Amino acid sequence: MTVRSVAQILEELAPLDHSEDFDNVGLLVGDSSMEVSGILVTLDTLEIVVDEAIAKDCNLIVSFHPIIFGGLKKITGKNYVERTVLKAIRNNIAIYAIHTALDNSFNGVNAKICEVLGLINNEILIPKKDTIRKLTTYVPVAEAEKLKKKLFEAGAGNIGNYSHCSFTLKGTGSYKAGENSNPTIGEIGKTHFERETMVHVTYLKSSERNVLDALMTNHPYEEVAYEVYSLENRNQQIGMGMIGELEEAMPETSFLKHLKKTMKAQVVRHSNLRDSPVKKVAVLGGSGAFAIGAAKAAGADVFVTADVKYHQFYEAENKMVIADIGHFETEQFTKNLLVDYLTKKIPNFAIRLSESITNPIKYF
């Protein structure tokens, strides 16, 4: 099992193409071809985490947050970032960060919060744009089903809980083979007319390489005519935040007590209570104040997130309650999610949950 192999497994859950543009995800330190002796999963990669990896014979750290976020012009050990990177390099430990790729995953950070809070009927709060592509190609009628099968195998044709989705239309194509061509059907110098099937399939942007490789490999023509479009459709399976429902509505104070207990929060900072029952709950792990408007628009009774500034609490406008439980607290169960996922995918491998306490915020 190499670092690259583990990365590929992680990217089935959270493709790096789904991360935000500002982020720094993927393999940050190390050689992708290195054989992995053990995996340590953590929320943050700090020096103490590297020490823990050394002690537990783990040469790959899978971290939620990236230790390298801005550019590093020097690595001299003058701050905690440089010291952590230096220690990892000296001890031949690779560091892989997943961050907003997992934030945007339907089964990622926010799904875990929903699970802990006991929410059901969960949906993406802010569906991500520019993740869906559409492929149109033209193939002889007799070859259409074979080509479609190969496109499906490459990841095309998946819409929500449905697979093998396509649309076809029959018509007549024409072409004239040039002097240096080698036509599969037809003759050089003569215009050929062929009964063809026009095939439409959609696919995720992250699958584009595989889909186009399948098209080129399995299409019978020497020159493949195809078109790729970027769709405006918002992806209901990828995006920031989630909104779900409690099985039974509860009073606001009861919900806040439930929130504090289940999320192991030291304190809950919240906006004005409305004296209304809580049924619909929106969540966004980490710094989620940018989604206050989306949570209100979705009809949330409470929006659970972190890092809300003073004036941003006013934005609740008595239409919902904003509950800030802390950055670490909203994301703390993420490493459990990753350990469970990797254990199912590679059950006979050493995968450890980091015991290092990396929350930089203490409460008095």
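Which residue stands opposite Ile322 in E14? In this predicted model, the residue opposite Ile322 in E14 is Phe303. The points below cover strand E14 and its partners, the surroundings of His18, and a nonpolar patch at the surface.

**Strand E14 and its partners**

- Strand E14 comprises residues 321–324, and its side chains point two ways: Val321 and Ala323 to one side, Ile322 and Asp324 to the other.
- All four of these residues, Asp324 included, are buried.
- With strand E13 (residues 302–306), E14 forms a parallel pairing over four bridges.
- With strand E11 (residues 269–270), E14 pairs in the antiparallel sense, over two bridges.
- Ala323 in E14 has His270 standing opposite.

**His18**

- His18 is located in the loop that runs between helix H1 (3–13) and strand E1 (26–29).
- His18 has a relative accessible area of 5%, and because buried means under 20%, this residue counts as buried.
- Apart from neighbours within four places in sequence, the contacts of His18 are Thr100, Ala101, Asn104, Lys128, Leu204, Ser206 and Ile238.

**Nonpolar surface patch**

- Leu72, Ile75 and Ile89 make a nonpolar patch of about 240 Å² on the surface.
- Ile75, one of these residues, lies in the loop between strand E3 (60–63) and helix H3 (80–90).
- The relative accessibility of Ile75 is 38%, so this residue counts as partly exposed.

Note on methods. Residues are numbered from 1 along each chain as its sequence is written. This is a predicted model: local features need pLDDT of at least 70, side-chain atom pairs count only at pLDDT 80 or more; totals for chains, interfaces and linings use all residues. Side-chain values use heavy atoms; hydrogens and water are left out. Patches are made of residues with over 30% relative accessible area and no salt bridge: like charges are joined within 9 Å, nonpolar side chains (Val, Leu, Ile, Met, Phe, Trp, Tyr) within 5 Å. Accessible areas come from the Shrake-Rupley method with a 1.4 Å probe; for residues, only the protein chains shown count as cover. A salt bridge is a side-chain nitrogen of Lys or Arg within 4 Å of a carboxyl oxygen of Asp or Glu. Buried means under 20% relative accessible area, exposed over 50%, partly exposed in between (1.4 Å probe, protein chains only). Contact means heavy atoms within 4.5 Å. Two strands pair if DSSP finds at least two bridges between them.
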